[in-house]
Amino acid sequence: MSMLELQLPGLIYRQEQDGESRTVWVLHPDGSWARATAGGFLDSPVVHERGPQRLWSQMDRIRNRLNRSGALPVYGAKVNIDPDGSATLSRGSWSQRL
């Protein structure tokens with residue numbers, strides 16, 4: 001979540017559980033949204049997403065990076081604070097300006 005929040009500030013998350021079925025919504029101020037529903041704890045979710053950005057797809061890319069490297073670049077990142085007060089996180093080839 002921290003990586004996605006850095007890339008897309010302003011995200012809102014909602015969860016709902018009904019018995020074994022769980023649904024997660026991710027909403028962005030630009031109108032993008034994703035909804036994922038899984039019937040059981042270990043079941044893969046059925047995902048629907050719309051809007052200018054594919055939020056769930058971006059989360060999948062982050063999860064794939066975590067699975068490949070065993071860590072996300074935000075952990076252990078260096079922070080450079082510019083005179084204007086903006087900050088840039090960086091680690092390896094990854095960087096994100098805040």
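How many bridges join strand 3 to strand 4, and in which sense do the two strands run? Five bridges join them, and the strands run antiparallel. Please keep in mind as you read that this is a predicted model.

## Strand 3 and its partners

Strand 3 also has a partner in strand 2 (residues 21-27): these two pair in the antiparallel sense over six bridges. Five residues lie between strand 2 and strand 3, which form a hairpin. In the turn you will find Gly31, whose phi is positive, about 100°. If you would like landmarks for the register, Trp33 of strand 3 is the bridge partner of Leu27, and His48 of strand 4 is the bridge partner of Arg35.

In a regular strand, side chains alternate between the two faces of the sheet. Strand 3 shows such alternation: Ala34, Ala36 and Ala38 point to one face and are buried. Trp33, Arg35 and Thr37 point to the other face and are not buried.

## The nonpolar core

Let us turn to the largest nonpolar core, which has 17 residues. The members that touch the most other members are Met3, Leu4, Leu11, Leu55, Val74, Leu89 and Trp94. Two or more residues come from each of helix 1 (2-7), strand 3 (33-38) and helix 2 (55-69). Helix 2 gives the most, with four residues.

Leu55 is a good place to look around. Setting aside neighbours within four places in sequence, Leu55 is in contact with Leu4, Leu8 and Leu11, among others. Its further contacts include Val26, Leu27 and His28, as well as Ser32, Trp33 and Ala34. Glu49 is also in contact with Leu55, which brings us to a charged residue worth a visit.

## Glu49, a buried acid

Glu49 belongs to strand 4 (residues 46-50). This residue is buried yet has no salt bridge. Why does Arg54 not provide one? Arg54 is the nearest side chain of opposite charge, but it is 5.0 Å away from Glu49, and a salt bridge requires a nitrogen within 4 Å of a carboxyl oxygen, so the pair does not qualify.

What does the side chain of Glu49 meet instead? A polar atom of this side chain lies 2.9 Å from the backbone nitrogen of Trp56. A polar contact of 2.8 Å also joins the side chains of Glu49 and Ser57. Beyond four places in sequence, the contacts of Glu49 are Trp33, Ala34, Arg54, Leu55, Trp56 and Ser57.

## Ser86 in its loop

Ser86 sits in the loop between strand 5 (78-81) and strand 6 (87-91). Is Ser86 buried or exposed? Its relative accessible area is 12%, so Ser86 is buried.

The side chain of Ser86 has two polar partners to point out. One is the side chain of Asp84, at 2.7 Å; another is the side chain of Arg97, with a polar contact of 2.7 Å. Not counting residues up to four places away in sequence, Ser86 touches Asn80, Ile81, Arg97 and Leu98.

## Ile12 on strand 1

A last stop is Ile12, in strand 1 (residues 12-18). With a relative accessible area of 37%, Ile12 is partly exposed. Apart from neighbours within four places in sequence, Ile12 is in contact with Trp25, Val26 and Leu27. Pro29 is 17 residues from Ile12 in sequence, and their C-alpha atoms are 8.6 Å apart in space.

Note on methods:
Residues numbered from 1 in each chain as written. Predicted model: local features only at pLDDT ≥ 70, side-chain atom pairs only at ≥ 80, totals over all residues. Heavy atoms only, no water. Core = buried A, V, L, I, M, F, W, Y, C linked by side-chain atoms within 4.5 Å. Buried < 20%, exposed > 50% of the residue type's maximum accessible area, 1.4 Å probe, protein only. Contact = heavy atoms within 4.5 Å. Lys, Arg positive; Asp, Glu negative; His and termini not counted. Polar contact = N/O pair within 3.5 Å; in protein donor to acceptor, adjacent residues only side chain to side chain. Pairing = 2+ DSSP bridges.
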